[in-house]
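Biologist: I am new to this model. Please pick one part, take a close look at it, and then place it beside a few other parts.

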Amino acid sequence: MCGSSTRLRRIKESSFMKKHIVIIGGGITGVTSAYALAQQGLQVTLIEKNRYPGMETSYANGGQLSASNAEVWTHPSTIVKGLKWMLKSDAPLLMNPAPTWHKLSWMAEFVAAIPKYKDNTIATAQLAIESREHHFAWAKAEGIDFDHKREGILHIYRDKKGFDHAGEVSKLLAQGGLPRRAVTPDEMKAIEPTLQGQYYGGYFTESDSTGDIHKFTFGLAKACERLGVKILTEHQVLNVASNGQTATVQVQHQGQTETLSFDSIVICAGVHGRKLAEQLGDRLNIYPVKGYSITVGLNDAASQAAAPQVSLLDDETKLVTSRLGTDRFRVAGTAEFNGIDLDIRADRIKPLVNWVNQCFPGVDTRRVEPWAGLRPMMPNMLPRVGAGKKANVFYNTGHGHLGWTLSAITAHQLAGHVMAAMQDNVRSFMTPAAV
């Protein structure tokens with residue numbers, strides 16, 4: 001009996017080790033997925049179209065690892081604000097009114113998800129809390145320096161209405177396991193002395209943190225390579241296909257086109273995942289929601305002293321901040337529904353610069369680096385993690401505004417789905433003779 005069990009275990013282990021999985025997309029979700037799968041002893045190839053991992057949406061986001069920002073957007077007030085701001089070019093949320101079938105179908109599902117607002121907010125908070133432990137452990141194990149600051153996140157409110165809504169959100173976050181406390185304007189000043197302006201109050205989450213997402217993604221990609229992951233950069237994916245047993249990926253590299261074969265495929269391609277999913281027979285209703293950021297160079301001692309150390313979230317303007325090392329200050333936010341469009345608009349960047357000038361007037365904003373990225377957002381605001389219709393197709397995508405915050409736990413979940421599918425596959429091929 002013992003010999004049979006040992007033989008069965010060896011057959012299973014051999015089957016797993018032979019399995020070759022391809023991941024499409026080298027952003028934060030693709031790299032964390034590669035790391036989690038490689039830790040399971042699987043053979044992993046990661047395909048990325050840019051020269052380096054983490055060069056698109058994972059390049060210059062707000063820098064927050066923020067469980068306190070777990071509130072999903074599927075709230076009636078979002079619809080009201082969207083309609084009010086539709087014709088205001090510098091609004092925090094901007095919707096291009098030109099209709100497309102994709103946009104209309106996404107909005108219809110967004111509205112349909114409003115009744116699940118509370119449940120989805122609680123679920124997101126739970127995921128964010130679980131995810132941070134993986135982030136911290138991976139960074140420590142691999143020696144990744146990503147300008148990590150564990151100073152908490154302060155949410156700021158200028159009026160009673162916003163503050164009261166935050167109180168209701170805090171109740172949901174508490175149900176998800178996240179404590180955060182209300183603070184007075186005087187307490188806000190003590191938490192972040194550089195913040196200027198008049199405020200009604202705030203909420204402070206000590207357990208949240210910040211860092212440079214690009215540094216983290218690039219550092220974890222190097223760790224993946226040390227674990228044996230093969231990373232194919234500057235490879236443009238043209239087509240994908242699967243028959244349930246074999247997955248093929250047609251790529252173009254340096255003008256040459258070839259088709260690669262794998263046992264399984266994982267889609268982590270952000271806003272480009274929708275078309276790839278269609279090729280694999282799945283519906284993935286991701287919409288690209290553009291966000292902007294500026295990175296302010298703190299080039300003198302006065303600016304460094306005047307910039308905040310504690311991360312902020314201004315709910316009225318929908319802006320977040322992070323202090324990245326000594327000489328960089330990141331401000332990011334806004335949401336623009338305009339399809340796959342990476343144009344950096346001056347009228348969208350200007351409000352970010354103005355916000356810095358108003359809230360931190362001692363910071364010199366002459367040197368500002370603008371950026372735009374496309375958040376891959378599902379209508380219900382929850383990421384799509386798990387299997388597709390084909391037995392060897394998997395997804396880890398659609399994280400929206402919490403891509404970095406949720407990426408580690410969804411990678412862990414993905415690994416569970418993949419290993420379970422492989423175990424089922426091994427069992428289906430086992431015969432009494434083999435056992």
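**Helix α8 and other parts**

Modeller: At the N-terminal end of helix α8, Asp212 acts as a cap, with a side-chain oxygen 2.9 Å from the backbone nitrogen of His214. This is a polar contact, that is, a pair of N or O atoms within 3.5 Å; within protein, one must be able to donate a hydrogen and the other to accept it, and residues adjacent in sequence count only if both atoms are side-chain atoms. The model is predicted, so local features need pLDDT of at least 70 and side-chain atom pairs pLDDT 80 or more, while totals for chains, interfaces and linings use all residues. Residues are numbered from 1 along each chain as its sequence is written, and side-chain values use heavy atoms, without hydrogens or water.

Helix α8 covers residues 213–226. Helices (H or I, at least four residues) and strands (E, at least two) are DSSP runs, numbered from the N terminus. The 14 residues of α8 should span 20 Å at 1.5 Å a residue, and its end C-alpha atoms are 20 Å apart, so the two values agree; the expected span is 1.5 Å times one less than the number of residues.

Among the buried residues of α8 are Ile213, Phe216, Leu220 and Cys224. Buried means under 20% relative accessible area, exposed over 50%, and partly exposed in between (1.4 Å probe, protein chains only). An α-helix has 3.6 residues a turn, so residues three or four places apart point the same way. Just after α8, Gly228 has a positive phi of about 100 degrees.

Before the helix in sequence comes strand β7 (residues 201–205), which holds Gly201. Gly201 counts as buried because its relative accessibility is 1%. Beyond its neighbours within four places in sequence, Gly201 is in contact (heavy atoms within 4.5 Å) with residues including His155, Tyr157, Phe163 and Met188. Gln309 is 108 residues from Gly201 in sequence, and their C-alpha atoms are 19 Å apart in space.

After the helix in sequence comes strand β13 (residues 264–267), which is covered on both faces: Ser264 and Val266 on one side, and Ile265 and Ile267 on the other, are all buried. Two strands pair if DSSP finds at least two bridges between them. Strand β1 (residues 20–24) runs parallel to β13 and is joined to β13 by four bridges, with Val22 opposite Ile265. Strand β20 (residues 393–397) also pairs with β13 in the parallel sense, over three bridges, and there Phe394 is the bridge partner of Val266.
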